[in-house]
Amino acid sequence: MSVLAALLSRSSTKQIQGPGPSEHELQQILATAMCAPDHGRLQPWRFKLVRGEHIAYLADLAVDTLQAEGKPLEPTKEKNMRDWLGRAPVVIAVASYVDHSNDRIPEHERMLATGAAVMNILNAAHALGYGAFWSTGIGTYTQGVPQALGFDALEHEFLGFVVIGSLSEPLVPKERPALADHVSDWQPNI
Ligand SMILES: Cc1cc2nc3c(=O)[nH]c(=O)nc-3n(C[C@H](O)[C@H](O)[C@H](O)COP(=O)(O)O)c2cc1C
């Protein structure tokens with residue numbers, strides 16, 4: 001698949017199953033994140049890999065933490081999350097490191113760099129034939145889940161999870177927005 005064909009055919013999916021990417025493929029996928037644009041070379045992206053049986057612990061952690069912090073999941077949502085994660089071979093937890101000693105590059109630029117790193121991961125996973133989905137479910141917006149993953153809230157903006165696996169169903173091409181709705185030419189007012 002050409003690079004452009006991969007970029008144009010990627011779409012997010014939760015229809016995944018094992019096996020996940022091989023160790024070599026996972027290293028390739030993660031290596032693409034290191035190629036993200038990055039003002040000031042701050043390399044703010046941080047990833048924690050959650051694999052195999054540890055994924056069930058992550059699901060329990062999210063459910064228990066949401067409950068403890070007064071945001072319990074509805075039973076259907078809990079079941080859907082557990083079913084999805086139960087089929088996932090690898091989950092990548094994503095955070096952006098906030099370097100308080102650097103006030104030259106605004107924090108939103110660091111988060112954009114981390115977002116671009118995640119985009120590379122999504123595209124690389126797709127280019128290798130895997131399905132992936134970026135989610136800020138799974139207890140992202142709790143105190144306990146990022147903390148338990150080692151992302152101290154004082155130092156990190158926690159940005160959720162990328163779940164990757166083999167496609168259990170072929171990707172259905174998505175209709176994408178018309179360029180004209182999003183792109184226009186600018187002309188100077190002369
Ligand atoms: C930062 C971020 C967080 C997201 N979190 C969720 C989420 O929690 N639940 C969800 O259904 N979609 C979420 N999405 C959207 C999906 O990842 C996906 O982009 C969307 O379903 C559209 O699919 P597409 O990527 O094929 O266009 C999130 C997207 C981003 C960029």
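**Exercise 1. The ligand shell**

Find which strand gives the largest share of the shell around the ligand in this predicted model, then sort the shell by class.

*Solution.* Start with the strand: β4, residues 130–135, supplies three residues, the largest share of the shell. Next, list the surroundings: Ser11, Ser12, Phe133, Trp134, Ser135, Thr136, Gly137, Gly160 and Lys174 enclose the ligand. Finally, sort them: six are polar, two are nonpolar and one is charged.

**Exercise 2. Two helices side by side**

Work out how α3 and α4 are oriented relative to each other, and which residues make their contact.

*Solution.* Begin with the geometry: helix α3 spans residues 54–68, helix α4 spans residues 75–86, and they pack at about 160 degrees with axes 9 Å apart. Angles over 145 degrees count as roughly antiparallel, and α3 and α4 are therefore roughly antiparallel to each other. Their crossing is right-handed. Now look at the contact: α3 brings Ile55, Leu58, Ala59 and Val63, while α4 brings Glu78, Met81, Arg82 and Leu85. By class, this contact of α3 with α4 has six nonpolar residues, two charged and no polar ones.

**Exercise 3. A glycine in a helix**

Locate Gly115 and decide whether Gly115 counts as buried, partly exposed or exposed.

*Solution.* First, place the residue: Gly115 belongs to helix α5, residues 107–127. Then take the neighbour count: Gly115 has 17 C-beta neighbours inside 10 Å. Buried would need 20 or more, and exposed 12 or fewer, so Gly115 counts as partly exposed. As a last step, pick a distance to check on screen: the C-alpha atoms of Gly115 and Gln187 are separated by 30 Å, and these residues lie 72 apart along the chain.

Conventions
Residues numbered from 1 in each chain as written. Predicted model: local features only at pLDDT ≥ 70, side-chain atom pairs only at ≥ 80, totals over all residues. Helix = DSSP H or I, 4+ residues; strand = E, 2+ residues; numbered from the N terminus. Nonpolar A, V, L, I, M, F, W, Y, C, P; charged D, E, K, R; others polar. Axes fitted to C-alpha atoms, helices over the stretch in contact; angles between N-to-C directions. Parallel < 35°, antiparallel > 145°, perpendicular 65-115°, else oblique. Left-handed = near helix turned anticlockwise from the far one by under 90°. Contact = placed C-beta atoms within 7 Å.
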